[in-house]
Structure formats: C-alpha cells, structure tokens
Amino acid sequence: MFDGLVAFGHSLASFATPMSLGLILASSLVGVIIGALPGLTATMGVALMTTLTIKMPSAQALLVLICTYVGAIYGGSRSAILLNIPGTPASAAACLDGHALAKQGLAGRAMGIATSGSVLGTLTGMFFLALFTPVLGDLALKFGAYEFFWLALFGVVIAGTLTGGDPLKGWIAGVIGILCASVGQEAVYAHDRFTFGSRDLAGGFNLVPALVGAFGFAELLMAARERALPVKVNPFDSVIPRLADVARYWKTIVRSGLIGTFMGILPGVGEDVAAWSSYAAAKRASKEPEKFGKGSIDGLMAAETGDNACVPGAIIPVLTLGIPGSAPAAVLMAAMLIHGVRPGPMIMTEAPTFVYDVVAMMMYATLGILLYGLTLTNVLIKVLMVPKPVIVPIIFVLCVVGSFAIASRLFDVWVMLGFGVVGYTLRRLDYPVAPLVLGMVLGDLMEKGLRRGLVLSDGSLGPFFTRPISAVLWITIVVVVLLKFDVVRGLFRRRPRPAA
C-alpha cells in the first residue's frame with residue numbers, strides 16, 4: 001500500500017511540468033467541447049485525438065487522450081441541462097432532471113450538481129482503479145489461452161446483451177466485428193483470408209480508422225440527416241457546486257460511484273448503461289421517487305456520478321486483461337498499443353508504475369473538468385451556438401486527415417469511410433455499434449486463444465471446458481444467453497397462486 005502511494009506521488013510529480021499542465025488544460029477543454037456539442041461522442045473525440053497524437057511521446061499522448069475522455073463524458077451534461085439534448089449518449093439520463101431544473105430557473109444549480117457528481121464519480125472510480133488493478137493483474141496471470149478465448153467471447157456476449165434493446169441485434173453486431181477482425185493474413189502461416197486478392201486487405205483493417213469511421217463519420221452522417229433546430233439556452237444562476245447538495249446526497253454518490261465502476265469493468269457496457277443503472281438504483285432507493293424526471297437533484301447526481309465513475313472503471317480491464325470496458329476505452333487501448341504499451345496480465349511485471357501513471361492522469365483530468373466547470377460555462381455556451389453546417393465539415397476533415405496520418409495510406413481513409421457507412425446503417429436499423437467495435441478488438445484475442453489452446457492440448461477441446469476458470473466463464477456465457485429467451489425466463493417467474 002505504501003509503495004503504491006509513493007509510486008502515485010512520483011507519477012503526479014512527473015506530470016507537474018509546464019508542458020504537461022498545458023496539455024492537460026488544452027485536452028480537457030477539447031474533451032468538454034466535444035462532449036457538449038450534440039452528436040459528437042467521447043469515442044469519436046478519443047479516436048480523433050489518437051490520430052493527432054501519433055508523433056507525441058507515449059506518456060504525453062496518453063495524458064491527452066485520458067483528459068479528452070474524461071472531459072467529453074463530463075461535457076455532455078452542459079447541453080443536456082441547457083438544451084435538453086444529450087451531448088453524448090452517457091448524458092441522456094441527465095436530461096430528465098437536469099433540463100427540468102433548468103426550466104424551473106435552477107440551471108446553474110443543476111450544472112453545479114453535475115460538476116460535483118462528475119468529479120466525485122471520477123475520483124471514486126479512480127480509487128478502485130488504483131486498488132483493484134494490481135490485484136486483478138495478479139489474478140490475470142492465472143489466465144491461459146483457454147481462459148482468454150472464453151473471456152473474449154464473454155465480452156462480446158455481455159456487450160451485445162447490455163448495449164441495446166434487442167440482444168440478438170447486439171450479438172449480430174459483435175459477430176460482424178469478429179469477422180472484420182479476421183480479415184487479412186492469419187498469424188501462424190500468413191495465409192490470406194477474405195482479401196479477395198487485394199494487397200491492402202492482406203494487412204487487415206487498421207483499428208483506429210475503423211473506429212473513427214464507425215463513431216466519427218457515422219455520427220456526422222446522422223447529424224447531417226437530422227434537421228438543425230434553433231438553439232435556445234435557458235438562463236442560469238451560479239454554477240458553483242453547493243456543499244449542502246453533496247452532504248445530503250452522499251449515499252447516492254457512493255452508490256452511483258460503485259455501480260458506475262462495476263459497469264465500467266464489464267466489457268463493452270459503457271457510460272450510458274452506467275448512468276441509467278445508477279439513475280434507476282437512486283429512484284428505487286429514494287423516499288421521493290415521484291420527483292424523478294421532474295427536477296430531482298438526487299436523480300441528476302446519480303446519473304452524473306455513475307457515468308463518470310465508469311470512465312476509470314472501464315480502464316481497469318484494459319490494464320489487467322487487455323479487454324476494453326467501453327467503446328472509448330477500446331480506442332484508448334489501441335492508442336496504448338500504438339505507443340508501445342502492452343496492456344494485459346503482464347502489465348504489473350513489465351511496467352508496474354504505468355498503472356499509477358494512469359491514475360495520476362485521471363487525477364489531473366478531474367482537476368481539469370472541475371476548473372472548466374466552475375469558470376468557463378459562459379464560453380462553452382457560446383460553443384453550443386455554433387451552427388451545425390460549420391461543425392460537420394471541420395470534423396469530416398479531421399476524420400480524413402487523422403485516418404491518413406496513422407500510416408500515410410489512402411486505404412485507411414477508405415476504411416474510415418466504409419466503416420462510417422456501416423456504423424450509420426447499423427444505427428438506422430437500431431443495431432448497437434459498441435459490440436461491433438468490441439468484436440474487432442477482441443476478435444484477435446479470441447482467435448489466438450483458440451489456436452494456442454488447441455496447440456497446447458494437441459487438438460483436444462476438453463481443457464476449454466474442464467479447467468476451473470474456463471468452466472466458470474463458459475457456464476456464465478450459456479446462462480446469460482439462455483436468460484434472454486422468454487421460455488427460460490418464464491421458468492423462473494413466480495406464478496400467481498390460484499384463487500381459493
């Protein structure tokens with residue numbers, strides 16, 4: 001414990017340089033602006049910033065990305081409260097009570113509640129990030145090829161189950177992502193798969209352009225399709241958080257912080273599910289549930305605490321297992337690999353101080369959103385007034401330039417455009433995109449686990465089902481899938497007693 005505190009102190013000191021502090025302020029502001037602008041998501045922001053930080057030193061690049069990630073999740077509450085438009089999917093739950101408070105003339109107080117909830121939620125998740133990552137890293141060393149196969153499959157199944165209304169659509173999207181991950185030369189014999197004679201396809205799809213397309217270009221297509229409505233901002237009072245609100249709803253903060261962190265650890269679930277889960281839990285525990293949706297401070301605090309606690313929670317499985325907990329975390333994991341950091345079970349052995357570097361980055365990002373939440377609300381509101389026809393072309397240029405800059409290949413631009421059309425089509429058909437992304441990230445891990453396991457077992461499938469951890473994982477997967485069928489759920493429902 002003491003060694004961890006010392007390492008965390010060294011990490012904080014290492015980023016306390018003028019250059020790093022300038023990057024923290026700039027990237028946190030960029031993140032808040034991206035989150036506040038309706039239609040621009042945290043995943044899109046992290047993906048675009050990944051393409052712009054390719055040439056930076058790894059520590060500074062990851063600092064920029066984490067600050068952008070935290071800032072974007074927080075920034076969505078600005079437009080949610082003032083415009084009743086969620087800046088990011090994670091801030092949709094904040095619209096219910098945040099905008100209701102704004103219509104009552106309490107927009108400033110609502111933004112203060114959102115700021116305090118976001119800061120405390122991030123700090124809660126950050127605490128568990130520092131506490132659990134070394135422990136889970138040691139546990140992950142017991143995972144072999146068999147366990148990683150099932151773990152990757154579990155991530156796709158859970159993401160498909162929890163990120164959309166219809167789990168079947170989520171699973172289909174996950175399978176599409178796995179198939180996309182198999183395009184190119186396979187790892188053992190370099191045999192071409194699904195390349196159709198194309199030399200560019202032989203290298204497979206670069207993950208970052210695919211993510212920029214699926215979340216960036218697809219969002220632009222959705223924004224271009226929707227009619228721009230005139231922006232009307234509600235007047236607001238002081239945005240300084242009130243200590244009385246924090247003290248009164250401390251149980252909500254603790255509960256939502258725990259729920260958000262747990263939802264972040266689950267592969268592919270994301271901040272929006274964390275926000276809604278925290279909101280639902282707060283409503284069930286409240287003595288005044290009838291106020292929820294009509295201006296409940298408790299509901300707004302729960303939503304903003306839950307989605308921000310999910311951010312450090314989603315990084316925990318990235319560092320310990322190499323499995324992202326959310327779509328933005330998947331982009332962050334890709335950036336780590338690009339910058340020479342190999343997340344996974346060996347992280348505590350190969351780079352034991354890196355975990356505390358990430359915690360320190362999260363701390364500085366939290367201070368960044370607190371600063372901007374208290375001082376720059378008036379400036380950020382002017383950003384919301386920028387017309388959509390001005391924003392969309394600028395973001396499109398960044399998508400194209402960023403995709404090309406990674407490897408200076410025009411093919412990556414076509415990958416971005418192609419996945420943008422795929423992402424747009426999935427959205428139009430009500431298919432979740434997060435399982436698609438997670439399938440692409442985990443497809444390689446799943447294939448390697450299967451092939452290595454078969455080599456180690458001399459072609460036998462037995463160890464995949466008989467090893468203790470593997471057995472727990474595959475049984476969990478079967479139970480999760482079966483419980484989504486009405487016939488199976490009906491067996492566990494309590495039947496009413498017949499009338500006497």
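Me: What makes the span of helix α2 close to the expected one?
Reply: Happy to walk through it, keeping in mind that this is a predicted model. Helix α2 covers residues 18-36, which gives 19 residues. The expected span is 1.5 Å times one less than the number of residues, and for α2 that comes to 27 Å. From the first C-alpha of α2 to the last, the helix reaches 27 Å, so the value is close to what is expected.

Me: And which residues of α2 are buried?
Reply: They are Ser20, Leu23, Ile24, Ser27, Ser28, Gly31, Val32, Ile34, Gly35 and Ala36. The word "buried" calls for a relative accessible area under 20%.

Me: Why are α4 and α5 called oblique to each other?
Reply: Helix α4 (residues 58-83) and helix α5 (residues 92-103) pack at an angle of about 50°, with their axes 6 Å apart. Angles under 35 degrees count as roughly parallel, and 65 to 115 as roughly perpendicular. The angle of about 50° fits neither range, so α4 and α5 are oblique. Their crossing is right-handed.

Me: How do you know that Phe149 and Phe464 form an edge-to-face pair?
Reply: A search of the whole structure finds twelve aromatic pairs, and this is one of them. Ring centres must lie within 6.5 Å, and planes over 60 degrees apart count as edge-to-face. Phe149 and Phe464 are 5.6 Å apart centre to centre, with 80° between the planes, so both conditions are met.

Me: What makes this pair a tie between separate parts?
Reply: Phe149 lies in helix α7 (residues 145-162) and Phe464 in helix α21 (residues 462-466), so the pair ties together parts that are 315 residues apart in sequence.

Me: Why are Phe149 and Phe464 called buried?
Reply: The relative accessible area is 13% for Phe149 and 2% for Phe464. Buried means under 20%, so the word applies to Phe149 and to Phe464.

Me: What about Trp150 and Phe465: stacked or edge-to-face?
Reply: Edge-to-face: their centres are 5.5 Å apart and their planes are at 65°. Trp150 lies in α7 and Phe465 in α21, so this pair also ties together parts 315 residues apart in sequence. Trp150 is buried at 9%, whereas Phe465, at 37%, is partly exposed.

Me: Which residues do ring pairs link into a cluster?
Reply: Tyr146, Phe149, Trp150, Phe464, Phe465 and Trp474.

Me: How do you know that the charged end of Lys169 sits over the ring of Tyr431?
Reply: The distance limit is 6 Å from the ring centre, together with a limit on direction. The charged end of Lys169 is 5.2 Å from the centre of the Tyr431 ring and is found to sit over it.

Definitions and conventions:
Residues are numbered from 1 along each chain as its sequence is written. This is a predicted model: local features need pLDDT of at least 70, side-chain atom pairs count only at pLDDT 80 or more; totals for chains, interfaces and linings use all residues. Side-chain values use heavy atoms; hydrogens and water are left out. Rings of Phe, Tyr and Trp (its six-membered ring) pair if their centres lie within 6.5 Å; planes under 30 degrees apart count as stacked, over 60 as edge-to-face and the rest as tilted. Helices (H or I, at least four residues) and strands (E, at least two) are DSSP runs, numbered from the N terminus. Buried means under 20% relative accessible area, exposed over 50%, partly exposed in between (1.4 Å probe, protein chains only). A charge sits over a ring if NZ of Lys or CZ of Arg is within 6 Å of the ring centre and within 35 degrees of the ring normal. Axes are lines fitted to C-alpha atoms, for helices over the stretch in contact, and angles run from 0 to 180 degrees between N-to-C directions. Angles under 35 degrees count as roughly parallel, over 145 as roughly antiparallel, 65 to 115 as roughly perpendicular and the rest as oblique. A crossing is left-handed if the near helix is turned anticlockwise from the far one by less than a right angle, and right-handed if clockwise.
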